[in-house]
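Colleague: I'm new to reading protein models. Could you walk me through a few features, one at a time?

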Amino acid sequence: MKKQILNIVALLTIFSLALAACGTQPTATPAPAESVVSSNEVVAEGRLEPIQGTNLSFQTRGVVEAILVQAGDSVKKGDVLARLTNAGVAEAQVVIAQNAYDTLLRNESGDRARLWQAYMDAQTKRGEAEQKWDDLNVDNIEDNIEDDKATVEDRREDLQDAQDDFEKYKDLDEDNSNRKSAEDDLERAQEDLNQAIRNLEDNIRERDEVRARYDAALAVEAEAKYQYEISLDGPNADQLTLAKANLDSSQDTLSNYVLTAPFDGIVADVSVKAGEQVTVETRVISIANFDSWVIETTDITELEVVKLSVGQPVLFVPDALPDVSLKGTITEISQAFTQQGGDILYTVRIAVQEADPRLKWGMTVEVTFMEPVQQ
């Protein structure tokens with residue numbers, strides 16, 4: 001009986017050891033299912049930007065006279081946001097240039113009437129000059145001119161003869177009668193030549209002065225006619241162009257001293273105070289339009305960009321809001337590239353379709369580009 005009991009105990013012991021040995025063997029477990037990631041799915045980093053946003057700076061060095069807004073203010077395009085102390089002088093120049101430009105537009109009919117009267121006056125003066133020219137006996141004057149020219153040539157020959165005669169006696173004593181007679185003849189010959197030249201010039205002048213006055217009157221009439229005719233199309237185009245250029249120049253100068261809103265938006269930040277010295281590098285005011293958001297990626301490689309297309313859906317998660325997943329759509333893929341650490345990178349712009357009130361300008365986001373919807 002005892003042996004049987006011992007046999008039973010031995011069997012139980014062997015069975016227990018067998019069970020223990022089986023318990024130490026690793027149990028086979030099914031391999032976890034491998035997550036399938038589409039080869040077209042791209043993940044990238046990006047930065048959140050408002051649909052419009054900019055940092056404004058003065059375009060010249062100066063002292064801030066006034067800051068007219070504060071962070072959170074709504075502004076309209078063209079609203080004055082800040083001024084430098086010397087803006088008043090530039091504003092005065094704009095007023096002067098604007099008045100000159102407006103005067104040209106306002107006085108259009110009066111200027112046209114003045115130009116018409118100038119044209120009529122020019123016609124009258126041209127007619128008077130023309131009449132004097134017609135009354136002038138030009139043929140007779142030109143005959144006289146030809147005669148005077150011949151006389152001048154004769155007097156030149158007489159002068160040369162007198163000079164030759166004087167040459168014969170010039171070395172004699174000054175009181176010598178032959179020398180004195182030759183010298184007197186030379187002086188008379190010179191005087192006769194001078195008089196002949198004056199007569200010629202008088203006849204030429206009698207013709208040319210009348211003709212010159214006539215030609216001048218014709219030119220004045222032509223210019224007056226031109227000015228009147230171009231006034232029929234509106235204010236003088238040349239004057240208007242010059243006035244507009246002066247106005248634009250004065251406004252450009254003023255823009256150096258005054259900051260205005262470039263678009264409707266919200267003042268995001270004011271960085272300076274009245275009385276502070278600023279330069280062109282000083283950020284003064286930041287303004288943005290937060291009605292819509294866009295994302296610009298920073299690390300899309302050449303191997304990834306070929307998988308993307310405009311209109312492709314996107315999911316993005318702000319790094320500051322890891323539990324928030326929002327949607328977007330690709331609106332633009334840059335055709336240019338940048339090189340960073342040996343990588344060729346492209347910028348992709350994404351329109352945010354869903355927004356969260358906690359989103360802030362400049363937040364970083366993780367963007368997942370979904371596979372395009374198959375048509």
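Modeller: Sure, we'll look at aromatic rings, then a pair of helices, then one loop residue.
This is a predicted model, so local features need pLDDT of at least 70 and side-chain atom pairs count only at pLDDT 80 or more, while totals for chains, interfaces and linings use all residues. Residues are numbered from 1 along each chain as its sequence is written, and side-chain values use heavy atoms, with hydrogens and water left out.

Colleague: How many aromatic pairs are there?

Modeller: A pair of aromatic rings is described by the distance of the centres and the angle of the planes. Rings of Phe, Tyr and Trp (its six-membered ring) pair if their centres lie within 6.5 Å; planes under 30 degrees apart are stacked, over 60 edge-to-face, and the rest tilted. By this rule, the count is five aromatic pairs. In one of them, W116 and Y119 have ring centres 6.0 Å apart and planes at 75 degrees, so that pair is edge-to-face.

Colleague: Where do W116 and Y119 lie?

Modeller: Both are in helix α3 (residues 108-135), three residues apart, about one turn of the helix. Helices here are DSSP runs (H or I, at least four residues), strands are runs of E (at least two), and both are numbered from the N terminus. Y119 also forms a stacked pair with Y228, 6.4 Å centre to centre with 20 degrees between the planes. Y228 sits in helix α5 (residues 177-231), so this pair ties together parts 109 residues apart in sequence. W116, Y119 and Y228 form one aromatic cluster.

Colleague: Is Y119 buried or exposed?

Modeller: Buried means under 20% relative accessible area, exposed over 50%, and partly exposed in between (1.4 Å probe, protein chains only). Y119 has 12%, so it's buried. Y228 is buried too, at 18%, whereas W116 is partly exposed at 39%.

Colleague: At what angle do α2 and α6 cross?

Modeller: Axes are lines fitted to C-alpha atoms, for helices over the stretch in contact, and angles run from 0 to 180 degrees between N-to-C directions. The axes of α2 (residues 87-106) and α6 (residues 237-255) come within 8 Å and cross at roughly 160 degrees. That makes α2 roughly antiparallel to α6 (over 145 degrees; under 35 is roughly parallel, 65 to 115 roughly perpendicular, the rest oblique).

Colleague: Which residues does S325 touch?

Modeller: Contact means heavy atoms within 4.5 Å. S325, in the loop between β10 (313-318) and β11 (326-333), touches L315, F316, V317 and E354, not counting residues up to four places away in sequence. At 44% relative accessibility, S325 is partly exposed.
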